[in-house]
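Reader: I have a model on my screen and would like to talk it through with someone. Could you walk me around it?

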Amino acid sequence: MKRSWLYTLLAFSLLLNVGVLGAVGYQAWQNGGWPALHGDDKHDHLAEYLNLSEEQRRQWREKEGKFLREMGADWEEVRIHRERMIRQIFSQQPDLAAIEADRAAISRLQEKQQRHVIEQLMEEQRMLDATQREALARLLIQQKPAGSLEERLHGD
């Protein structure tokens, strides 16, 4: 197999992965919070589900606002790199170095986001009691990520 085909396959594989994360992150950013977890009505539902005290609700909203602003900025950067990479892949003469540069930038941003999500969950974990932590963990485990556009285009 030619080396250029390997790069194309690698880029396509990356697009699928980025698409899944992008769809979830974009949905979260557009809705002002994690799907089925945050947002005004959803936040109140979650607060009731977890039986948060008023102080816990205040802390949650405070931490969530900063987190969502930072994640939104990162998702915008991912969107820019992803679009540029897609345009490059489908151009008349794809520049493999440019594709790789955007792929690497997206990878760095995703790693940053993963660390940030873990930090946010650790902050939330510290403000919850054992029963609340278990309930939130169950809810997060049950949550399924939204499918990507690439999956919908190439799926069954």
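Author: Happy to; below we go through the model by question and answer.

Reader: Which secondary structure does the protein chain have, helices or strands, and how many of each?
Author: Please keep in mind that this is a predicted model. From the N terminus on, the elements run α-α-α-α-α-α. The count for the protein chain is therefore zero strands and six helices.

Reader: Where is the confidence lowest in the protein chain, and where is it highest?
Author: Across the protein chain the average pLDDT is 78, and 64% of the residues reach at least 70. Residues 32-40 fall below 50, though this stretch has 32 contacts in the model beyond near neighbours in sequence. Among the helices, the lowest mean is 52, in helix H1 (residues 3-31), while the highest, 94, belongs to H4.

Reader: Which helix gives the most to the largest nonpolar core?
Author: That core has ten residues, among them Phe67, Trp75, Met85, Ile99 and Leu109. Both H3 and H4 supply at least two residues each. The top contributor, with seven residues, is H3.

Reader: How many residues are in the second, separate core?
Author: Its members include Ala47, Trp60, Met127 and Leu128. This core is separate from the largest one, and its size is nine residues.

Reader: Is aspartate 102 buried or exposed?
Author: Aspartate 102 sits in helix H4, which spans residues 96-127. Leaving aside neighbours within four places in sequence, aspartate 102 is in contact with His81, Arg84 and Met85. Its relative accessible area is 6%, and the cut-off is under 20%, so aspartate 102 counts as buried.

Reader: And asparagine 51, is that residue buried or exposed?
Author: Asparagine 51 lies in the loop between helix H2 (40-50) and helix H3 (54-89). Its phi is positive, about 60°, although asparagine 51 is not a glycine. Because its relative accessibility is 61% and the cut-off is over 50%, asparagine 51 is exposed.

Reader: What share of the contacts in the protein chain with a separation of 6 or more comes from residues 24 or more positions apart?
Author: The question leaves out pairs with a separation below 6. Among the contacts that remain, residues 24 or more positions apart account for 69%.

Reader: How much of the exposed area of the protein chain do carbon and sulfur atoms supply?
Author: Of the 156 residues, 33% count as buried. The protein chain exposes about 10,200 Å². The part supplied by carbon and sulfur atoms is 54%.

Note on methods:
Residues numbered from 1 in each chain as written. Predicted model: local features only at pLDDT ≥ 70, side-chain atom pairs only at ≥ 80, totals over all residues. Heavy atoms only, no water. Helix = DSSP H or I, 4+ residues; strand = E, 2+ residues; numbered from the N terminus. Buried < 20%, exposed > 50% of the residue type's maximum accessible area, 1.4 Å probe, protein only. Contact = heavy atoms within 4.5 Å. Core = buried A, V, L, I, M, F, W, Y, C linked by side-chain atoms within 4.5 Å. pLDDT = per-residue confidence, 0-100. Areas by Shrake-Rupley, 256 points an atom, 1.4 Å probe, with all protein chains shown as cover.
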